[in-house]
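Grab a pencil and open the viewer. Try each exercise on your own before you read the solution under it.

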Amino acid sequence: MKILLYMTLIVFVSCSQVNKNNDGQSFRSKQNDTISTEEQKKETVKQTKTGTITTIADGFDVKRVNLFNSTSTDRRINCYLENGDKVKVVEDAEPYYLVEKIGGQDCKGYCMKGFVILDKK
């Protein structure tokens, strides 16, 4: 009986030590800190993307690209952009981008990703 008690105690102590790093923090909390830092970096990268609007979709020139206030089915048109307009990608909202026109009039909204040709960095 004492052997079983000692083995249980050893296993318990061993498991609690495995989940600690050198700073005494649990591995899980350190991992979560890393994930949130990586997510923040991705958000920063997303905000710095730029591109050019193309009005050609499936071989047809739509003449202008509508920017919507949301990605829902009951969305409204905020404004529109024309071929060659420069934009900053603010958010990746698959299958849309939230874009903001660079220079000129204020124009911000969601459009299909196919209408944005991302600049190469």
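The exercises below work on a predicted model, moving from the overall layout to single residues.

**Exercise 1. Work out which elements the protein chain contains and in what order they come.**

Step 1: Count the elements. You should get two helices and nine strands.

Step 2: Read them off from the N terminus. The order is α-α-β-β-β-β-β-β-β-β-β.

Step 3: Look at the contacts between residues at least 6 apart in sequence. Of these, 47% join residues at least 24 apart.

Step 4: Turn to the surface. Buried residues account for 21% of the 121 residues. The chain exposes about 9300 Å², and carbon and sulfur atoms supply 55% of that.

**Exercise 2. Find the strands that β1 is joined to by bridges, and say which way they run.**

Step 1: Start with β1, residues 49-53, and β6. Four bridges join them, and the two strands run antiparallel. For a concrete pair, pick T52, which sits opposite K86 in β6.

Step 2: Now try β9. Three bridges join it to β1, again in an antiparallel arrangement. Here I53 has V116 as its bridge partner.

**Exercise 3. Sort out the cysteines C79, C107 and C111: which are in a disulfide, and are they buried or exposed?**

Step 1: Search the whole structure for disulfides. One turns up, and it joins C79 to C107 with an S to S distance of 1.9 Å.

Step 2: Place the two ends. C79 is in strand β5 (residues 77-81), while C107 is in the loop between β7 and β8; with 28 residues separating them, the pair links distant parts of the chain.

Step 3: Check the handedness. The torsion about the S-S bond is about 100°, so this disulfide is right-handed.

Step 4: Check the accessibility, using under 20% as the cut-off for buried. C79 comes in at 13%, so it's buried. C107, at 3%, is buried too.

Step 5: Deal with the cysteine left over. C111 is in no disulfide, and the nearest cysteine sulfur, that of C107, is 9.5 Å away. C111 has a relative accessible area of 2%, so it counts as buried.

**Exercise 4. Hunt for unusual backbone: where are D58 and K63, which have positive phi, and which peptide bond at P95 is cis?**

Step 1: Recall what to expect. Most residues other than glycine have a negative phi, and most peptide bonds are trans.

Step 2: Look at D58. Its phi is positive, about 55°, though it is not a glycine. D58 lies in the loop between β2 (56-57) and β3 (60-61). With a relative accessible area of 84%, D58 is exposed.

Step 3: Move on to K63, whose phi is also positive, near 75°. K63 belongs to the loop between β3 and β4 (65-68). Its relative accessible area is 62%, so K63 is exposed.

Step 4: Finish with the peptide bond from E94 to P95. It is cis, with omega near 5°, and P95 is in the loop between β6 (86-93) and β7 (96-101).

**Exercise 5. Describe the surroundings of K113.**

Step 1: Locate K113. It's in the loop between β8 (108-112) and β9 (116-118).

Step 2: List what K113 touches, leaving out residues up to four places away in sequence. You get D92, E94, P95, Y96 and Y97. Both residues of the cis bond, E94 and P95, are among them.

Step 3: Look for a polar contact. The side chain of K113 makes one with the side chain of D92, at 2.8 Å.

Methods
Residues numbered from 1 in each chain as written. Predicted model: local features only at pLDDT ≥ 70, side-chain atom pairs only at ≥ 80, totals over all residues. Heavy atoms only, no water. Polar contact = N/O pair within 3.5 Å; in protein donor to acceptor, adjacent residues only side chain to side chain. Contact = heavy atoms within 4.5 Å. Buried < 20%, exposed > 50% of the residue type's maximum accessible area, 1.4 Å probe, protein only. Areas by Shrake-Rupley, 256 points an atom, 1.4 Å probe, with all protein chains shown as cover. Pairing = 2+ DSSP bridges. Disulfide = S-S within 2.5 Å.
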